[in-house]
Structures are given as C-alpha cells and as structure tokens.
Amino acid sequence: MSHETAPSESETGPAPLHGLLAEYKTPSDIVSASRTIRDAGFSRWDTFTPFPVHGIDKAMGIRMTILPWIVLGAGLSGLATAILLQWWTNGYDYPWLISGKPIWSIPANVPIMFELTVLFAGVTTFIAMLVLNNLPFPSHPLDFVRRFGRSTDDRFFLFIEAADPKFDEADTKVLIDTTHPLAVESVFEDRATSDKLPTGIIYALVIVTVASAVPFALAAKARYTKSRSPRIHIIQDMDFQPKYKAQRENPVFPDGRSTRVPDPETVAVGELREDDHYWRGQDHAAFARTFPPTFRTDEAAMQRGQQRFGIYCTPCHGFGGEGNGMVAKRADELAQGTWTPPSNLTDARIRDMPVGEIFNTIAGRSSSTCAPSSAVTRRRSPISSPPSAPVCETTMATAKKPKKSPAGAKSGASEAKHEPAPKKSVPEDAAARVDVPGFSDSIRLGNEAGALFVKAAGVAVICLGASVGLGASAGDGFRRWSHGYLAAFGVALAITAGSLFWVTLQNLVNARWSIVVRRVGEVFAANAPLLGVLSLPLVVPVLMGQPLIYVWADKAKVAGDHLLEHKAGYLNPGFFLVRMLVYFGFWTWLSRFYLGRSRRQDETGGPEIAPSMARVSGPAMILFGLTVTFCAFDLLMSVDPRWFSTMFGVYFFASCVLSVHVTLILALMWLQQKGRLAKSVTTEHYHDLGKMLFAFTIFWAYIGFSQFMLIWYANIPEETAWFKQRFFGGWGNVSWTLLFGHFVIPFFGLLSRHIKRNKTTLAFWCFWMIAMVYIDMYWLVLPAIDVEPNVQLMDVLALVGLLSALVAGAAREMGKKNLIPTKDPRLEQSLAFENL
Amino acid sequence: MAAISDHNPFVTPPVGDNAFARITDNVSRIAEIERPPRAWYIAFACALTILTVFLGSISWAVWTGIGVWGNMMPVAWGFPIVNFVFWIGIGHAGTLISAILFLLRQSWRTAINRFAEAMTIFAVMCAGVFPGIHIGRPWLPYYMMPIPNQMDMWPQFRSPLEWDIFAVSTYATISIVFWYMGMIPDFATFRDRATTFGRRFGYGLVAMGWRGSSRQWHRYERAYLILAALATPLVLSVHSVVSFDFATAQLPGWHTTIFPPYFVAGAIFGGFGMVVTLAVPARQFFGLKRIIQIKHLELMNKVLIATSLLVGYAYGMEFFIAWYSGNSYEGFTFINRAFGPYAWAYWAMISCNVLFPQLHWFKAIRTSPVATLLIGMLINVGMWFERFVIICTSLARDFLPSSWGYFIPTKFDYLTLGGSFGLFFTLFLLFCRYLPMVAMAEVKAFHPAAHAHGHAPPDGKPGEHHAHAAAGV
C-alpha cells in the first residue's frame with residue numbers, strides 16, 4: 001500500500017459523469033424530495049442519511065426486505081441441525097444411557113435445540129444483511145465528494161445515477177432544484193482507485209494460505225505413518241508423574257519392586273478377627289457344625305440369606321440349588337473344558353457338610369471353586385465377611401425405576417371454546433359520542449352496555465345454575481363439580497388478576513401507547529369483588545371442613561398424615577379464609593382505586609392524577625406479585641397438597657398475562673364492531689397487544705418447560721408423582737395438546753406481523769389461546785379426580801357461566817362512563833402511536 | 001471489486017452546525033483526541049497491573065494444576081464457578097438494554113446501550129476463563145465440542161454443563177454480532193471524520209463501506225430488530241441454562257424449579273449494577289453528562305429496584321417452599337444458609353441485594369450519581385455473594401453429615417477473582433478510547449429534529465415523547 005495511486009485526474013482526462021448529488025438540511029426535506037424523485041419514475045437512485053429517517057422507506061417506495069424469511073429458514077435449519085446432531089451422536093452412533101433416561105429423550109435435548117436455532121438465525125441475520133446490502137463495498141465515487149463526508153454526520157443526501165434510463169443531466173438538475181436542496185453537485189466516475197488488489201496483498205494471502213495448511217498436513221501425515229520415537233509431549237498432561245506404579249521397577253528397594261508386601265503378622269486396625277468360629281467357621285481346627293454364638297439365627301437372618309442367595313448363588317446354582325443356574329446352563333452349551341460345573345446343593349455331600357465349611361466355601365477360602373467373592377467381585381479377600389453381611393459389597397446396577405416418558409405433548413385438535421362474545425352490530429348510539437380536542441370518536445357504550453349486561457348476566461345465571469344442577473345430579477356431594485368449577489375459575493381468575501397486573505404495569509412504567517386501551521383493562525380488573533363472590537363455592541366447603549377438592553380441609557384426613565400435619569400451619573381452613581380475604585380485598589381495593597382515579601381524571605383532568613396512580617403502582621406491584629403467587633398456591637397447587645414447585649406462582653402468572661391480552665383484544669374488537677373507539681384504537685394498538693400475546697406464549701412455554709424439565713431430570717419421586725398423573729394415558733394426550741396447542745402452533749401462527757395486524761387472524765388466535773389457558777387449568781386441576789380426562793357438560797357450563805359473569809361485570813362498569821381516559825395527558829401520543 | 005481507497009480528500013473533518021453534528025462531535029471527539037484525560041491513563045495503568053496479576057495467577061494455576069485453588073471435596077466448584085456465574089450475569093444487562101429495551105421502545109436506552117453491549121462481551125470473556133481452567137486441562141476444551149474423531153467420542157448432550165458450552169458460546173457470538181452491527185454506521189462516521197491515513201484505513205475497514213444509503217438502512221433496521229428479537233429469548237436462555245447446572249441436580253438448595261427465571265432476574269439485576277458502576281465514572285471523565293443524563297441513571301436505578309424485588313421474591317419463595325415441601329433436607333439447607341457457618345455470606349447477600357437497593361425508592365438517592373455508584377457497587381458484591389451462597393452452602397452441607405465440609409479459598413482464588421476485573425477494565429478502557437462509546441446514529445434517530453413527517457410536533461416544540469428521548473443536546 002502506498003500513495004502511488006493517489007488521485008491525479010488531470011493525467012487521465014475528465015472522468016465520465018456518475019450522477020447528481022443533492023444535499024439537504026433536514027429529514028423532512030429529504031423525505032419530500034424522495035417523494036418527488038419517486039413520482040418522477042427514477043429507478044437508480046438512493047438517499048444517504050446519518051440515521052434511518054422515519055418514513056423514508058415509503059417516500060422512496062422501498063419494498064419490504066426478504067431478510068425475515070431468510071432468517072426463518074436459517075433458524076429452522078439450526079433446529080434441524082441440533083436435533084440431528086444430538087440424535088446421531090448420543091442416540092444412534094454411540095447410544096449413551098444417562099441417569100436412566102431413554103437413549104433419545106427430548107427434554108434434555110431442548111436447550112441445545114434452542115441455542116443452535118438462535119445461533120444460526122442470528123449469524124444469518126448479520127450475513128444476510130451484509131449480502132443484501134452489497135457490503136463490504138470499499139470504494140465509491142461518492143467518497144471523493146467532500147460534502148458527502150457529512151452523510152454520516154448531520155446532512156441528508158440524494159443521489160441519482162447517470163445510468164438511470166430517465167437521467168438527463170440538465171432536466172434532472174432542474175427537477176432536483178424544485179426540491180429545495182442546499183446544493184447540487186455533479187459526481188464523476190472514480191478513476192483514481194485501482195480495481196485490482198495490490199500484488200503485495202495477493203502474495204501475502206497466498207503465503208498465509210499455504211502456511212496455514214502446513215500444521216494440518218503434518219497432523220494428517222502423523223496419523224497415517226509410523227514412528228519409533230515417542231510422541232512429542234507439548235503438554236505434560238499428567239503423563240509423567242512423580243509416583244510409583246505397581247508393576248514398575250523401583251531402585252529404592254533391594255528387590256527392585258515398587259509393590260511392597262506388608263510385613264508378616266501385620267494386622268490392620270480392627271481386623272484382627274480372632275474369633276475363628278465367627279470369621280472362619282472353624283472350631284478347634286475343625287469346621288464348626290454350629291453357628292457361632294454371636295450370630296443370631298432369626299427370621300431376619302433367614303430372609304437376608306435368602307435374598308443374598310437369590311443375588312449371588314442362583315446364577316450358577318439355580319433357584320432350586322440344583323446346579324442348573326443360567327451361567328451353568330450357558331457354560332454347558334458352550335462345552336468349555338475350563339468350566340467346573342457348580343455342585344448340586346441338594347446332594348447329601350453338601351447337606352452333610354459342616355456349617356463352617358459351607359461358610360468357608362462361600363467366603364472363597366476353600367479349594368472349592370464356588371467363589372462368588374472372586375467370580376462376582378474379582379477380588380480375593382484374605383478374610384471373609386461375617387455371615388450377616390453380603391459376601392461382597394458389589395454395588396449392583398440398581399434396577400431402574402419406571403420413569404416418566406419423555407415429556408411432551410401431542411398435537412391434537414383442540415376445540416376452541418369461545419367466549420360468549422356477542423357479535424351482531426347495532427346502529428351507533430349517537431348520544432354516546434363525545435369529542436376530545438383535536439379528534440372525535442364514539443367513546444361511550446350507552447345503552448349497548450345495558451343490553452350486553454342483561455344478556456351476559458342471563459347467560460351466566462343460566463349456565464352456572466345448569467352446571468350446579470348437573471353437579472348435584474352426579475350424586476357425589478359436588479366433588480366432581482367442584483373440580484370442574486375450579487378449572488373454570490382459574491381462567492376467570494387469570495383474566496381478572498391479569499387485568500389488574502396489566503393496569504398496574506401501565507401505570508408503573510408510564511406507558512403512553514396503551515392509554516386508549518387502559519380503561520378497558522381497568523374495567524376488567526374491577527371484576528375483582530365479583531370474582532371474590534364467585535370463589536365462595538370453593539371457599540365455603542373448606543370452611544365447613546368438607547374436602548371436596550382440598551384434602552387438607554378435613555381434620556380427620558390431616559391427622560396421622562405426616563406431610564399434611566407438617567403443612568397444617570399453612571393449609572388450614574381458618575388461615576385459608578384469611579388469605580382469601582386478603583387477596584380479594586386487596587385486589588378489590590386496588591382495582592377500585594385505579595378505576596376511580598382514572599374516572600376522576602376524565603372529569604377534572606387534574607395533572608396530579610396520573611402521577612398519583614403511578615406512585616401507588618410500585619408498592620401495588622409488590623403486593624400483587626405476592627397475592628397472585630399465594631392465591632395460585634392455595635387454589636391450584638394445594639389441590640395436590642403433597643406436590644410443590646417454587647415456580648408455580650410464575651407459571652400461573654404467565655396464564656394471567658396471556659389472558660389479559662386476549663381479553664383486551666377481544667373486548668376492543670367487540671367495541672369497534674359496535675362502532676365505539678373506531679378511530680382511537682388502530683391496527684398499531686392491536687399489533688402491540690398481539691406482540692405481547694406472542695411474547696407471553698413463549699414465556700409460558702419457557703416457564704412450563706423449565707418446571708417440567710427440572711422435575712423430570714432430577715426424578716425425585718415426591719415431585720414426579722404429580723407429572724406422572726399427567727403424562728400417561730389420556731392426560732398424556734392433554735399434555736401433548738398443551739405443548740403443541742399452547743406453544744408450537746401459536747408460535748408459528750403469531751410470528752408474522754401481518755397476522756397480528758389483521759383483526760380476523762388475531763381474533764382467531766385470541767380464541768385459540770384462551771381455550772388453551774382453559775385446557776391448561778383443566779390439566780392442572782382435574783387429574784386430581786379423573787383418572788382419565790373426562791370433560792363433562794357441567795365443566796363447560798361453569799366456564800361459560802364464569803366468563804359471562806365477567807363480561808356482565810365489565811358491561812355494567814362500561815356503561816357508566818367513557819371507554820377511554822379522555823383527559824389523560826398522554827392520550828395524544830397513544831392516539832398517534834405507531835410501531836416501528 | 002475495488003481496492004480500499006487510501007485517498008483522503010479531507011484536511012479537517014467536516015464541522016457541522018446543528019444538533020446532529022453536536023452529537024457526532026460529542027461522541028467522536030473522545031476517540032479522536034490525541035491524549036485522553038489523565039484519569040484514563042491512571043485507570044488504564046491500574047487495569048493493566050491487575051490484568052498482569054490475573055495472567056500470572058492463571059498461568060500458575062495452569063502450570064501447577066488447579067490444586068492451587070481452595071476447591072476441595074465436597075465444595076469442588078468453589079470460586080471458579082462462582083466467578084463464572086457472576087460474570088455471565090454481568091453481561092446480561094447489556095443484552096437487556098440493547099435488545100429487550102429496544103423491543104419495548106425504551107428510547108432512553110440509546111444513551112447507554114453501546115457501552116452496555118461492550119460490557120456484555122467483556123464480561124462473557126471474563127466468565128469463559130473460569131470454567132475453561134476449572135476443567136483441569138485447559139488445553140483440552142475441544143473435547144466439549146462435537147468434533148468427529150476415531151474414538152466415536154461425542155459430547156454428552158444431556159449434561160447441563162454441555163448446554164452451558166452451547167449457550168455461552170452462542171451468547172458470545174450473537175452479542176458480538178449485535179454489537180458490531182450496531183457500530184458499523186458509527187465506524188463510518190469515524191472514517192469520514194478521520195484526518196490520518198491510519199484512522200481512515202482502520203475505521204474504513206471495519207465500516208465495510210457503509211455510506212448510510214436508505215435502502216441499506218431499511219435492511220439494517222429490519223436486521224437489528226430481528227437480532228433484538230433473537231437476543232431476548234437468548235439472554236433468558238443463557239442464565240436459565242446456567243441455573244440448570246444447579247437445578248437439575250438433586251442437591252438441597254439447588255433443585256428448585258424457580259431457578260431459571262430467578263437466575264435471569266438476578267443476572268439482569270447484577271448487570272445493571274455494573275452498568276451504573278461504569279456509567280457514573282464514564283460520564284464524569286469523558287464529558288458525556290449531556291448524553292448519559294441523571295434521568296438515565298434514575299431510570300436504571302428504577303430497574304434495579306424492580307429486579308431487586310424479583311430476586312427478593314425468589315429468595316422468599318425458596319424459603320417458603322423449603323418449609324412447605326416438608327422435605328427435611330431442603331428445610332435444613334435454608335436454615336443452614338441463614339444461620340449456619342455461611343450466615344455471614346447469606347446476610348451479605350440479603351442486605352446488598354434486597355435491602356440497600358430499596359434506598360432507591362427515595363428520589364434524592366436515585367438521582368445522586370454518588371449514591372448510584374455506591375449502591376451499584378454493593379449490588380455487584382451482593383450478586384457475587386448470591387452465587388457463593390448457592391454454590392458453597394449447598395455443597396458444603398449435603399445429605400450426609402459425614403461428607404460435610406467448609407470451603408476455604410486460597411490466595412490464588414482471590415488473585416484470580418480480583419484479576420478478572422483487570423481483564424474486564426482493560427478491555428473496557430480500550431473500548432472507551434478507540435470505539436464509538438455511544439450509538440450516535442441511534443441517538444440522532446431519536447432526536448426531536450429527526451422526525452420528518454406525519455404527526456411530528458410543531459417546529460421547535462418537541463412533544464414530551466421526543467423530549468424524553470432526546471439526548472445529547
């Protein structure tokens with residue numbers, strides 16, 4: 001590299017024109033100039049800006065890049081690579097049994113599947129961006145225009161290539177002048193920079209390439225040739241250690257051996273073993289005919305002997321002791337001369353043998369070949385073990401316990417259970433129109449609310465009544481009904497608690513985009529007291545000591561059950577009642593606080609109101625986190641009071657967040673169908689809510705997988721018992737349904753922004769997800785009573801009834817006031833909100 | 001293909017006259033000045049010294065074997081794994097800021113994202129050192145990669161430690177790609193302002209011919225968004241996988257299902273602690289007070305409160321379930337943590353992680369740079385102790401009292417831990433000196449003057465949203 005190639009235009013004559021460059025001062029200028037050039041029909045032109053200017057894509061007519069599709073492809077190939085790699089290496093090429101799991105067991109392979117998916121997708125994103133952008137692009141004629149240096153600083157440039165079919169130097173210049181540039185400049189072809197790589201660099205590349213192949217060539221040569229010299233020890237790697245190996249020569253001792261024989265008469269501490277009768281079966285130099293007095297021949301000893309016999313003797317001697325064990329039979333088949341057949345233990349010779357001699361034989365000290373202590377342990381011990389101990393303490397491969405099948409789920413058609421959302425549109429209620437400065441929209445529900453309330457409340461009463469009726473007819477004292485009701489209640493709780501969380505979060509982070517949606521969230525959160533009332537069918541039986549669902553409610557069942565007694569300090573009817581009062585009391589207060597403040601804001605528009613809501617939201621979030629966690633423990637986890645998981649609160653929380661987004665999206669769609677909020681809520685808001693729905697679908701999977709995988713992996717019986725109920729038989733199918741229906745299918749379904757921005761598809765996925773939340777709750781609760789999944793009409797009626805009750809509650813609140821906080825200072829930004 | 005142009009048409013860098021130019025100037029100057037501030041030299045000298053200690057202690061550990069450390073049964077993991085988890089966690093805040101806050105449209109992140117990303121990469125490098133040596137033969141780590149060989153010897157893909165290899169190396173790769181890609185437009189700015197051939201060639205090489213074409217920006221923005229969307233679950237997965245190292249075991253105190261999200265929250269918490277620890281001196285010494293404002297410190301302190309509470313929640317849940325489960329080993333472990341031989345570490349953890357950060361509820365404290373720095377440092381200490389408590393208390397007191405022990409670190413443990421900060425700070429100071437410390441293009445894009453159309457606020461009167469985003473003027 002030298003300065004020989006420095007520019008010297010004069011030597012090469014005038015360079016041909018490359019194009020026209022115009023400079024602009026502001027982003028607005030460049031955007032409007034781009035529109036002009038685009039409309040004039042140019043094709044080979046570009047703009048250059050120091051940062052991505054918002055809206056210029058549209059102004060220039062840039063089409064959406066195909067990059068996302070490339071990335072999707074790369075991600076899928078990463079996933080496929082991970083699956084194949086792990087299956088081939090650990091499951092096929094060299095099958096490897098790990099902690100008793102099946103050779104190919106998916107849960108433990110998921111982390112690497114995920115990592116490789118992200119690795120492939122991420123690296124591809126970067127490379128594809130470079131390739132599509134034609135980078136690296138080292139030299140460009142524009143580099144020689146002095147003013148163009150500011151394109152990466154503070155100025156905005158537009159460049160039209162002379163090669164454009166519409167280009168005409170004079171005309172184009174006139175056209176550019178109409179866009180008010182700061183300056184226009186002709187750019188000439190670059191003749192100064194050579195197109196060829198300098199020869200020095202080429203030589204260097206060749207040399208480096210050849211040199212870098214040398215080590216590999218040497219390694220390859222070493223692999224296929226032989227050498228008498230020892231291998232080179234670059235790294236010592238513990239190959240030479242200052243220690244003596246057993247069979248090596250050792251100059252320290254006169255006999256030259258490393259292995260030392262203990263001095264004669266040496267006895268290790270505690271191993272003197274003077275009692276000949278006990279240790280060697282000998283009494284006065286003859287084999288004893290009686291058991292030693294220190295050995296107790298009782299039932300336990302007999303059983304242990306039988307067990308030891310089963311383990312160590314039957315392989316050769318057979319179960320009947322007739323010398324026809326499996327090993328003996330096999331040896332006979334092979335007809336090997338070295339084999340000494342095992343003796344028949346029923347022979348008179350053996351039966352008449354002194355006890356001491358038999359013991360001595362088993363202990364491997366006699367001339368007889370019976371030597372489990374050598375054959376089994378390959379260890380010839382000078383002293384035998386006492387008869388009460390196993391002949392040898394070999395750790396036998398412990399029989400594997402039957403263990404959970406690889407986790408998962410199976411795809412299955414899942415019937416989406418639809419919320420009873422009224423669909424028919426009615427003419428707009430003119431009286432509901434309220435104007436907001438700068439824009440107008442219908443923001444009151446008016447009479448619609450009353451109609452909806454009547455309908456929803458009617459459905460709720462009828463469905464719940466019918467459900468109770470069916471429950472009573474089951475004749476089990478409402479046990480089965482209670483479980484179904486609890487599953488449905490889980491969904492209602494998720495919606496309500498989720499709404500409260502969402503509202504708290506929006507206040508906490510001072511969210512702007514969501515102001516137009518906030519009131520709907522507040523209204524659904526305000527169902528908390530209603531939900532408290534609806535929890536009575538669950539709470540009252542507990543107070544009455546009836547274990548309809550919760551075994552721990554019954555004092556008689558707790559007594560004598562170690563675990564339940566241990567937990568009785570927490571799981572008892574009195575404390576349960578106190579906690580439920582705290583949960584629902586706090587939620588009621590908080591939701592009323594938000595709704596009340598928010599409505600006061602509508603009236604007074606006081607600037608202090610939004611900050612006051614924000615201030616409460618911090619501590620409120622802490623209390624919310626605790627209440628929702630313990631509520632999930634109390635209502636859902638304690639259905640099986642023996643099972644526990646620290647993650648359970650978070651697992652339920654994931655359902656809460658999913659449910660609230662479903663609720664918000666569907667409620668807004670319904671309102672818009674009725675002509676309300678038609679202009680306030682835009683595709684952008686749906687898109688954002690959809691993104692959260694998507695994100696929390698993944699979050700649920702993350703939490704659910706982590707909880708399952710950790711328990712599956714560690715395989716501790718007290719934890720796996722809970723999953724065992726849910727991973728076999730019909731419940732296993734439900735688990736597969738959850739894996740695919742709650743994660744895999746909606747993941748791909750909600751991935752595209754087009755789906756999130758289309759109301760029909762988004763609504764479809766909302767119904768899908770709320771159905772999945774219900775299946776999840778059903779899967780949490782019902783295995784406690786149904787051995788196989790058994791959906792009954794009363795379960796579905798309870799769900800429809802509870803959801804209708806929530807809709808009725810929301811309708812009642814909505815009817816009263818505005819549907820958006822009309823005087824929130826951030827409203828304008830929410831109305832104007834746009835996604836990237 | 002054209003060769004790289006060594007032609008420099010500029011005598012002096014172009015001098016702008018508007019808000020964008022001021023942002024460029026503010027940031028670029030740091031990397032362009034002949035001599036950085038004296039504080040930089042002092043800091044660099046200290047960092048290099050500590051780095052030397054680090055290299056020395058590592059070399060000694062490699063030369064003699066890891067017996068120089070205090071790791072001894074039953075606490076075989078000791079400092080190296082504590083440090084590994086600690087450093088990996090530090091890195092997570094960088095990804096959180098660059099990716100998650102990007103997805104959440106938190107435009108204030110532009111003030112701090114670049115150096116938070118740098119912090120991520122350097123922290124991951126520090127983290128990688130420890131397990132690399134802890135394996136005992138640091139020249140054989142390729143055994144952990146699936147390299148075909150004549151022995152048919154494959155890695156054990158169902159081991160959480162193997163997952164770690166993949167998670168951490170993926171994380172390092174994606175973080176570097178994300179960081180580098182974010183810097184390309186800023187490298188181009190440096191290139192265009194360069195006054196010497198060396199700078200022009202060097203920055204020109206890494207800018208890869210970026211000229212800010214709108215067609216390129218379009219793909220670039222899309223790629224950035226996708227990388228952010230990929231990095232978000234990735235960052236969750238990395239610390240979750242780290243937590244699997246513990247939670248898949250049956251050891252009391254380790255086998256807890258809440259570990260994955262709890263570790264992630266803790267990592268973000270610790271990482272943000274490190275971000276504020278670095279941000280306060282950086283804005284002081286490099287004159288970045290107009291870009292990294294008090295407002296940004298305050299927001300980060302709020303994130304610290306939130307993550308501190310999440311960590312506190314996990315501590316509480318562990319304790320509650322340890323009792324609720326009725327498992328006497330679990331129960332003992334937690335009582336032992338709080339009142340056993342390691343109680344000092346436990347209470348150091350609780351006070352640094354749960355108690356002190358609550359001071360940020362007071363506005364006066366969370367807007368004070370000094371208090372921010374002090375509490376940030378306390379959080380670093382607390383998060384280190386968290387990993388120490390998890391690893392050492394559980395290993396030192398397992399099921400059988402006969403196998404109980406007590407971990408005593410040696411001086412090499414301390415030297416290696418302390419020395420790793422030398423590596424981190426050396427890299428960080430070099431980054432501050434030579435690379436664009438603030439994402440100029442992004443800061444400009446969020447500047448009020450950058451809004452070209454549509455619902456743009458009236459001239460000269462940026463809306464609150466924009467003023468919020470504004471930095472650097």
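The following questions and answers concern a predicted model of two chains, A and B.

Colleague: How many residues does each chain give to the contact between chain A and chain B?

Modeller: The two chains bury about 10,900 Å² between them. Of this area, 64% lies on carbon and sulfur atoms. The contact takes 112 residues from chain B and 134 residues from chain A.

Colleague: Which residue of chain A meets Arg105(B) in a salt bridge?

Modeller: Between chain A and chain B there are three salt bridges. A salt bridge requires a side-chain nitrogen of Lys or Arg within 4 Å of a carboxyl oxygen of Asp or Glu. Arg105(B) has such a partner at 2.4 Å, N to O, and that partner is Asp688(A).

Colleague: Which helix supplies the largest share of the side of chain A that touches chain B?

Modeller: The largest share amounts to 15 residues. These belong to residues 110-132 of chain A, which form helix α5.

Colleague: Why is one side of β2 and of β4 in chain A left without a neighbour in the sheet?

Modeller: The sheet is open, with four antiparallel strands in the order β2-β3-β1-β4 (chain A). Because β2 (45-48) and β4 (183-188) of chain A stand at the edges, each has a single partner strand.

Colleague: Which residue of β3(A) stands opposite Asp46(A)?

Modeller: Strand β3 (residues 156-161) of chain A runs antiparallel to β2(A), and four bridges join the two. Opposite Asp46(A), in β3(A), stands Phe159(A).

Colleague: What angle does the direction of helix α2 of chain A make with that of β3(A)?

Modeller: Helix α2 (residues 27-39) packs on the sheet and touches β1, β2 and β3 of chain A. The angle between its direction and that of β3(A) is about 20°.

Notes. Residues numbered from 1 in each chain as written. Chains lettered and ligands numbered in written order. Predicted model: local features only at pLDDT ≥ 70, side-chain atom pairs only at ≥ 80, totals over all residues. Heavy atoms only, no water. Contact = heavy atoms within 4.5 Å. Buried area = accessible area lost by both parts, 1.4 Å probe. Pairing = 2+ DSSP bridges. Axes fitted to C-alpha atoms, helices over the stretch in contact; angles between N-to-C directions.
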